[in-house]
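Work through the following exercises with the sequence and the model open beside you, and try each task before reading its solution.

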Amino acid sequence: MAGKAFRKFLPLFDRVLVERCAAETVTKGGIMLPEKSQGKVLQATVVAVGSGSKGKSGEIQPVSVKVGEKILLPEYGGTKVVLEDKEYYLFRDGDILGKYVD
């Protein structure tokens, strides 16, 4: 799942690198949507995770998501990262709203 770009970049601590899913450009009825009327994409796929954060007693608490999982993001936030001409976003583990379960 992870490409060559992720061998060169690994998030630290409780950070999660995600790739946002593509926005819907056509409605179920077949109507093409202009860019301005497309909603903000809140779904993403996890492409890399950090090792976790340290707790108060010093032990490392692992990140709650794994590579390849689909997650729900907040509307705002995250740090944009460009790797090999593709846009990715860095979020803290605590900022992720939830994950989709099959």
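**Exercise 1.** Find the residue in β2 that is the bridge partner of Glu 19, and then place the two strands within their sheet.

*Solution.* Begin with the single bridge: in this predicted model, Glu 19 has Thr 45 of β2 as its bridge partner. Next, widen the view to the strands, where β1 and β2 pair in the antiparallel sense over five bridges. Then follow the sheet across its whole width, which gives an open arrangement of six strands in the order β6-β7-β1-β2-β5-β8, with antiparallel pairing. Finally, look at the two ends of that order, where β6 (79-83) and β8 (98-99) are the edge strands, each pairing on one side only.

**Exercise 2.** List the residues of the largest nonpolar core and identify which elements give two or more residues to it.

*Solution.* Start by collecting the members, which number 11: Val 16, Val 18, Ala 44, Val 46, Val 63, Val 65, Ile 71, Leu 73, Tyr 89, Phe 91 and Ile 96. Then assign them to elements, and β1 (15-20), β2 (43-49) and β7 (86-92) emerge as those that give two or more residues to this core. A further step is to check for a separate cluster, and apart from this core there is indeed another one, of seven residues, including Leu 17, Val 47, Val 81 and Leu 90.

**Exercise 3.** Leaving aside neighbours within four places in sequence, determine which residues are in contact with Leu 73.

*Solution.* Take Leu 73 as the centre, recalling that Leu 73 belongs to the largest nonpolar core. With neighbours within four places in sequence set aside, the contacts of Leu 73 are Val 18, Arg 20, Leu 42, Ala 44, Phe 91, Ile 96 and Leu 97.

**Exercise 4.** Decide whether Tyr 88 is buried or exposed, and state how far Tyr 88 lies from Gly 78 in sequence and in space.

*Solution.* First locate the residue, since Tyr 88 is found in strand β7. Its relative accessible area is 5%, and because buried means under 20%, Tyr 88 counts as buried. For the second part, Tyr 88 and Gly 78 are separated by 10 residues in sequence and by 9.4 Å in space, taken from C-alpha to C-alpha.

**Exercise 5.** Describe the chain as a whole, from its elements to its burial and contacts.

*Solution.* Count the elements, which are one helix and eight strands, and read them from the N terminus as α-β-β-β-β-β-β-β-β. Turn next to burial, where 30% of the 102 residues count as buried. The chain exposes about 7400 Å², of which carbon and sulfur atoms supply 54%. Lastly, among contacts between residues at least 6 apart in sequence, 63% join residues at least 24 apart.

How values were computed:
Residues are numbered from 1 along each chain as its sequence is written. This is a predicted model: local features need pLDDT of at least 70, side-chain atom pairs count only at pLDDT 80 or more; totals for chains, interfaces and linings use all residues. Side-chain values use heavy atoms; hydrogens and water are left out. A nonpolar core is a set of buried Ala, Val, Leu, Ile, Met, Phe, Trp, Tyr and Cys residues joined through side-chain atoms within 4.5 Å. Buried means under 20% relative accessible area, exposed over 50%, partly exposed in between (1.4 Å probe, protein chains only). Helices (H or I, at least four residues) and strands (E, at least two) are DSSP runs, numbered from the N terminus. Contact means heavy atoms within 4.5 Å. Two strands pair if DSSP finds at least two bridges between them. Accessible areas come from the Shrake-Rupley method with a 1.4 Å probe; for residues, only the protein chains shown count as cover.
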